[in-house]
Amino acid sequence: MRNLLLVPLVCLGLLAVSPAVALDPGEMPATASAKAHADLRRAVRADGKLTVEVRFLTDFAGYSGEKIYTDLDETAVHVDAGGQRYPLLRDAAGKPMAPQALELKFNYDPAKNPRVGSWKAVFVAPPAGVNEAVLILPNVAPIGPFPITDR
């Protein structure tokens, strides 16, 4: 009888130390804190533009959030593809087509929802035939290579 009681306790102990969400840090680029990871959602090329969307996830219970950048530095945000660097595009008002700041939110319970942020930007598109790229953001490991989808 005593051994039967140990089995549930051992299982509870394993649950307490295992991550709440199964993120594979070896597969997802980490942020500077190494407690959040970038998940590229899509990279779509259309009409000379490359739209890139990223979400940030954590499996760290009690993640306090972090600042990726607070004032957009256009030279620090770009796409590398085919041996070339592709900059952010500008809108009609001349502003870069990316958020001016990227701050990840706190997350006390990643088992419910591991997302701590999202990011979207528009770059000059690499030419047709260049089908992979790498996204460079400050305070995040290089994201990619990832496939480019044509529309």
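**Strand pairing and local features of the predicted model**

Four strands form an open sheet of mixed pairing, in the order β7-β2-β1-β10. Its edges are taken by β7 (115–124) and β10 (149–150); each of these has a single partner strand, so one side of each is left without a neighbour in the sheet. The description given here refers to a predicted model.

The protein contains one helix and 10 strands. Along the sequence these follow the pattern α-β-β-β-β-β-β-β-β-β-β. Of its 151 residues, 35% count as buried. The accessible surface of the protein comes to about 9,000 Å², and carbon and sulfur atoms account for 56% of it. Among contacts between residues at least 6 apart in sequence, 66% join residues at least 24 apart.

Strands of a sheet pair through backbone hydrogen bonds, in either a parallel or an antiparallel sense. Both senses occur in the four-stranded sheet, whose pairing is mixed. Strands β1 (residues 37–46) and β2 (residues 49–57) run antiparallel and are joined by nine bridges. Within this pairing, Ala38 stands opposite Phe56 in β2, and Asp39 stands opposite Arg55 in β2. The two strands form a hairpin with two residues between them, and Asp47 in the turn has a positive phi of about 55°. Strand β1 also pairs with β10, here in the parallel sense and over two bridges. In this parallel pairing, Arg45 stands opposite Asp150 in β10.

A further set of pairings involves strand β4. Three bridges join β4 (residues 78–81) to β8 (residues 132–136), and these two strands run antiparallel. Asp80 has Val134 as its bridge partner in β8. Strand β4 is also paired with β5 (residues 84–86), again in the antiparallel sense and over three bridges. Here Ala81 stands opposite Gln84 in β5. The pairing of β4 and β5 forms a hairpin with two residues between the strands, and Gly82 in the turn has a positive phi of about 55°.

His78 is found in strand β4. Its relative accessibility is 5%, and because the cut-off for a buried residue is under 20%, His78 counts as buried. Leaving aside neighbours within four places in sequence, the contacts of His78 are Arg85, Tyr86, Phe123, Val134, Leu135 and Ile136. Of these residues, Arg85 and Tyr86 lie within the range of β5 (residues 84–86), while Val134, Leu135 and Ile136 lie within that of β8 (residues 132–136). Phe123 falls in the range of β7 (115–124). The side chain of His78 makes a polar contact with the side chain of Arg85, at 3.2 Å. The C-alpha atom of His78 is separated by 6.4 Å from that of Leu88, a residue 10 places apart from it along the chain.

A pair of aromatic rings is described by the distance of the centres and the angle of the planes. A search of the whole structure finds two aromatic pairs. Phe106 and Tyr108 form a tilted pair, with 5.1 Å from centre to centre and 45° between the planes. Both Phe106 and Tyr108 are exposed. Trp119 and Phe123 form a tilted pair with 6.4 Å from centre to centre and 45° between the planes. Both Trp119 and Phe123 are buried. Phe123 is also among the residues in contact with His78.

Several backbone features remain to be described. Most residues other than glycine have a negative phi, and most peptide bonds are trans. Ala34, although not a glycine, has a positive phi of about 65°. This residue, Ala34, is placed in the loop between α1 (2–17) and β1. Asn139 is not a glycine either, and has a positive phi of about 60°. The loop between β8 and β9 holds Asn139, which counts as partly exposed at 43% relative accessibility. The peptide bond from Gly144 to Pro145 is cis, with omega near 10°. Pro145 is found in strand β9 (residues 143–147).

How values were computed
Residues are numbered from 1 along each chain as its sequence is written. This is a predicted model: local features need pLDDT of at least 70, side-chain atom pairs count only at pLDDT 80 or more; totals for chains, interfaces and linings use all residues. Side-chain values use heavy atoms; hydrogens and water are left out. Two strands pair if DSSP finds at least two bridges between them. Buried means under 20% relative accessible area, exposed over 50%, partly exposed in between (1.4 Å probe, protein chains only). Contact means heavy atoms within 4.5 Å. A polar contact is a pair of N or O atoms within 3.5 Å; within protein, one must be able to donate a hydrogen and the other to accept it, and residues adjacent in sequence count only if both atoms are side-chain atoms. Rings of Phe, Tyr and Trp (its six-membered ring) pair if their centres lie within 6.5 Å; planes under 30 degrees apart count as stacked, over 60 as edge-to-face and the rest as tilted. Accessible areas come from the Shrake-Rupley method with a 1.4 Å probe; for residues, only the protein chains shown count as cover.
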